[in-house]
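Subject: Structure handover

Hello,

Here is the structure we discussed, with the sequence alongside. My notes follow below it.

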Amino acid sequence: MSARQPLETEKGAYGSLPDDVTKAAVAKRWDWAVILWIVMVGDMARGILFPTLWPLVSSLGGDKVTQGFTVAAFSFGRAISSPLWGQFSNMKGYKVPLIFSKCTTAVGAILYIRADSIFTLILSQICIGFGSGSLGVTRSWVAANSSKSERTTAMATLSAMQFFGFTVTPFFGSALSLACINTSVAPIPFLPWFVITKFTSPAYVICFACFIGILALFTVFTEPAQDGLPQTKSANTLEDGEEEVPPNTCGCEGSAYALYMGLILNLVTRGVIGSFEAMGTSLAPQYGFDATDAGFIVSIFGLVGTAQLLFFVCYTSRFKDTQLILAGLFAMLLACIVMVHGERINLSSEVCYVIAILSIYACGYPVGNTSALGLFSKAAGSQPQGLLMGIFGSAGAGARIVFPILAGTIVQYLGSNVLFIILAICTLVTILFTQCGKKTLDIVTG
């Protein structure tokens, strides 16, 4: 009896596929890799500078208010550029805006290397942030290449690389700070400004990472045909088994309400972590650590948060987006409370600091903000994702402008306890708003 011949659809999963299908699948993987690298570099431009930014501000004569403005400068540049890059992407595709954005980031890093005053330092931060505002473009690419059911998990992967760049690269910033602690070398005689110190060495890493990204965009990344992009389904278009989205009690139509809530959640989660970013190193001595220690602590728990995002599908398969949002918000609330009331529950200042960083970097922000991003993208539906994601990015950047400035001012004149009480109240109010609209949000997110 002869063996059964395999059906055409059963032939080898790889070798028997048509060449064009195989090549398309490989190209898609490379495109994903390039997009993830670009996202990582965008926030590495902020993260790797984290451990040495406050010491640099101090060495230039700045105080905690100045630190708040310096941190906010990055987000100011991102807020300005995010909708511009998004609109540019809607007109010209993905590759060109991403190339220009990385060139801008590299220019900002060079300005950072040459910064010899608070003004030039803030200017360099604005330029770096302007170049890093292409996050909406990469999110638009993900939205165009994922279905609604895959959206939150796909965005989580993107957020994992963003979070890695922001929270894990401080480890390398701290390591470079220690390695170059007594170093001031100008290796090229005819470029006297090309000096390697503990302050400038992270900026050289940013320049190199931008160069790699630009090279990959030119050689590896494939621009999809405009008419070949997957179309995302509108949140108002019903499929079999879906419920109609009811209006919320506030009078907003369901998907519009979800968009507004997504923006509010983005504002609050980014504002809170922006305050921790601005004051994390300057307040570290108050809790028994120095700036370098703070960089290592943030990196350790940032790596935990990155791992959670990489395995975010385990959460999305078991929990709704709103449940994950609430879990993240409660973790952020815990971080704020511990920073204020640690001594009342017999915790040392060191333990308070570690618990707070653990809560916000390992759980609160990665889980809460990523779920809010998934909520916003699903509510946006088939509307122009590039522009909407640019608006989402600008809203978050706006929070990271206002909150760090207010944080620096409040800590300088009223003390850190007042800051964390205000942040706790903001987070608690957001929890209540989310809970009140939970039914509507659950239907929108499917």
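Is P202 buried or exposed? The model is a predicted one, and in it P202 is buried, with a relative accessible area of 0%. Since the cut-off for buried is under 20%, the assignment follows directly from that value.

Helix α9, residues 201-219, is where P202 sits. Setting aside neighbours within four places in sequence, the contacts of P202 are I48, L49, T52 and L176. P202 also lies 8.9 Å from A109, C-alpha to C-alpha, with the two positions 93 residues apart in sequence.

I214 is in helix α9 as well. Its relative accessible area is 16%, so I214 counts as buried, the cut-off being under 20%. Not counting residues up to four places away in sequence, I214 touches I99, K102 and C103. The C-alpha atoms of I214 and V96 are 10.0 Å apart, although the two residues are 118 apart along the chain.

Next, a helix pair. Two packed helices are described by the angle between their axes and the distance between the axes. For helix α11 (residues 291-310) and helix α14 (residues 349-380), the axes come within 9 Å and cross at roughly 35°. The crossing is right-handed. On the α11 side the contact is made by A294, I297, V298, F301, G302, V304, G305, Q308 and L309. On the α14 side the residues are Y353, V354, I357, L358, Y361, A362, C363, P366, V367 and T370. By type, the residues of this contact divide into 15 nonpolar and 4 polar, with no charged residue.

Then the nonpolar cores. In soluble globular proteins, nonpolar side chains tend to be buried together. The largest nonpolar core here has 112 residues, and the members that touch the most others are F276, Y353, Y361 and F420. Helix α14 supplies the largest share of this core, 14 residues. At least three residues of the core come from each of domain 1 (23-224) and domain 2 (250-445).

Y353 appears both in the contact of α11 with α14 and among the core members with the most neighbours. Leaving out neighbours within four places in sequence, Y353 is in contact with G280, A284, Y287, F289, A294, I297 and M339. Apart from the largest core lies another of 5 residues, including A72, A79, A397 and I401.

Regards

Technical notes: Residues numbered from 1 in each chain as written. Predicted model: local features only at pLDDT ≥ 70, side-chain atom pairs only at ≥ 80, totals over all residues. Heavy atoms only, no water. Axes fitted to C-alpha atoms, helices over the stretch in contact; angles between N-to-C directions. Helix = DSSP H or I, 4+ residues; strand = E, 2+ residues; numbered from the N terminus. Left-handed = near helix turned anticlockwise from the far one by under 90°. Contact = heavy atoms within 4.5 Å. Nonpolar A, V, L, I, M, F, W, Y, C, P; charged D, E, K, R; others polar. Core = buried A, V, L, I, M, F, W, Y, C linked by side-chain atoms within 4.5 Å. Buried < 20%, exposed > 50% of the residue type's maximum accessible area, 1.4 Å probe, protein only. Domains from an automatic or database assignment.
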